[in-house]
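Subject: Structure for you to look at

Hello,

Here is the structure for your project. Please open it first and then read the notes underneath.

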Protein chains: 2
Amino acid sequence: MASRTTSKARQVVAGARPETRQAENFRQIRREHAHEIAEDYVEAIADLSATLGEARVVDLARRLGVTHVTVNRTLARLREAGHVNTKPYRAIFLTESGRKLAEECKRRHQTVVAFLRSLDISEKVAEKDAEGIEHHVSQETLAAFVRHLAAAAAGIRSSR
Amino acid sequence: MASRTTSKARQVVAGARPETRQAENFRQIRREHAHEIAEDYVEAIADLSATLGEARVVDLARRLGVTHVTVNRTLARLREAGHVNTKPYRAIFLTESGRKLAEECKRRHQTVVAFLRSLDISEKVAEKDAEGIEHHVSQETLAAFVRHLAAAAAGIRSSR
DNA sequence: TTCATCTTGTAGCCATAGCTACATATTTTC
DNA sequence: GAAAATATGTAGCTATGGCTACAAGATGAA
């Protein structure tokens with residue numbers, strides 16, 4: 001049992017395409033993964049700064065659902081990446097690049113949520129799914145969401 | 001500088017909500033992350049089995065864009081999770097639960113792609129974004145996608 | 001000012017997910 | 001049937017992203 005098809009055939013098929021198109025997609029998604037956390041952090045820092053006047057390690061930990069240890073280490077990497085400025089025992093500040101990233105994320109997040117809401121998805125689920133989806137929405141797809149929202153708005157306007 | 005707001009105020013605000021709603025969302029998404037790889041693997045195994053007659057480690061590696069070592073180790077975990085049956089140096093087979101999971105993933109994937117296509121997103125981008133998005137689409141959101149597709153189809157029918 | 005409390009930092013553990021290098025099994029080819 | 005090629009397996013490295021436990025700094029109150 002477990003008999004194989006002839007290896008010849010398989011090799012021809014596989015050898016002809018040493019890389020599937022999917023392989024590159026998967027790789028890309030894995031790369032995006034690394035960015036996700038950075039995006040979540042800068043977004044949270046921006047939000048906390050706006051809300052509480054400053055972002056601190058404990059606040060971030062609570063917000064992100066991790067311990068302060070995890071926050072600490074991630075902040076170290078964000079600092080190396082140039083997204084935040086931190087000093088020991090002091091509040092966390094975004095750099096220019098961090099602020100820019102946070103801006104983009106926020107806009108994208110809001111667009112995704114609004115788009116899901118326009119499909120009659122409940123606010124709670126829209127918020128939650130957006131959190132997972134937003135990191136994988138390309139420029140083209142985001143633009144399509146915006147188009148759809150604009151069309152829906154136009155529809156509402158014309159129907160009253 | 002870097003003056004803090006009064007800690008009192010912060011503590012009250014933070015203390016009142018030891019857990020933000022977002023924290024649970026983030027935690028959930030991290031949990032989903034663990035499933036993503038399992039889903040990608042069973043889907044690839046199902047697809048390769050259908051296409052080539054069997055799924056082998058090298059094929060999976062090529063398809064997923066990783067080395068055979070990574071495939072091997074992940075398969076070990078999938079075997080523990082009861083999704084696949086493997087024997088050394090033999091092809092990989094899905095168990096009943098693996099097959100079921102693959103089925104679900106495939107349907108969801110196709111739905112997401114079709115939905116994105118219906119927004120005039122190019123096939124290439126739709127495929128790629130779907131790969132990242134699909135793992136974070138809840139039942140409710142998936143249902144909304146299906147609704148939208150049905151409505152679009154009805155619109156086309158009635159307009160010709 | 002000192003003491004208690006809260007916050008931040010550090011050491012070091014675990015699991016996942018990638019890798020290279022090397023060893024072994026299987027398959028194909030001659 | 002032996003050699004070459006391919007596939008699979010294993011050892012052990014890296015980085016990420018969780019954690020607990022403990023140490024040390026900062027703040028607020030007595």
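A residue is called near a molecule or strand if one of its heavy atoms lies within 4 Å of it. This is a predicted model, in which local features need pLDDT of at least 70, side-chain atom pairs count only at pLDDT 80 or more, and totals for chains, interfaces and linings use all residues. Residues are numbered from 1 along each chain as its sequence is written, chains are lettered from A and ligands numbered from 1 in the order in which they are written, and side-chain values use heavy atoms, with hydrogens and water left out.

The DNA

DNA strand D is surrounded by 21 residues, and the closest are A:T70, A:R73, A:R77, B:R56 and B:N72. Of the strand D atoms that come within 4 Å of the protein, 65% belong to sugar and phosphate.

Which helices supply this surface? At least two residues each come from helix 4 (68-80) of chain A and from helix 1 (7-16), helix 3 (57-64) and helix 4 (68-80) of chain B. Helix 4 of chain A gives the largest share, four residues. Helices here are DSSP runs of H or I with at least four residues, strands are runs of E with at least two, and both are numbered from the N terminus.

Some N or O atoms come within 3.5 Å of the DNA, which is the cut-off for a polar contact. A polar side-chain atom of A:R73 is 2.5 Å from a base nitrogen of strand D. For B:H68, an N or O atom of the side chain lies 2.9 Å from a base nitrogen of strand D. B:Y89 uses a backbone N or O atom instead, 3.2 Å from a phosphate oxygen of that strand.

Chain A

Chain A has seven helices and two strands, in the order α-α-α-α-β-β-α-α-α along the sequence. It has 160 residues, and 42% of them count as buried, meaning under 20% relative accessible area (1.4 Å probe, protein chains only).

The two copies

Two copies of a chain are related by a rotation about an axis and a shift along it. Here, chain B is superposed on chain A by a rotation of 180° with 0.0 Å of shift along the axis, at an RMSD of 0.1 Å. The two copies are therefore related as by a two-fold rotation axis. The superposition is by least squares on the C-alpha atoms of residues with pLDDT of at least 70 in both copies. In chain B, the residue that comes closest to the axis is B:I133, with its C-alpha at 2.6 Å.

Regards

Methods
Buried < 20%, exposed > 50% of the residue type's maximum accessible area, 1.4 Å probe, protein only. Polar contact = N/O pair within 3.5 Å; in protein donor to acceptor, adjacent residues only side chain to side chain.
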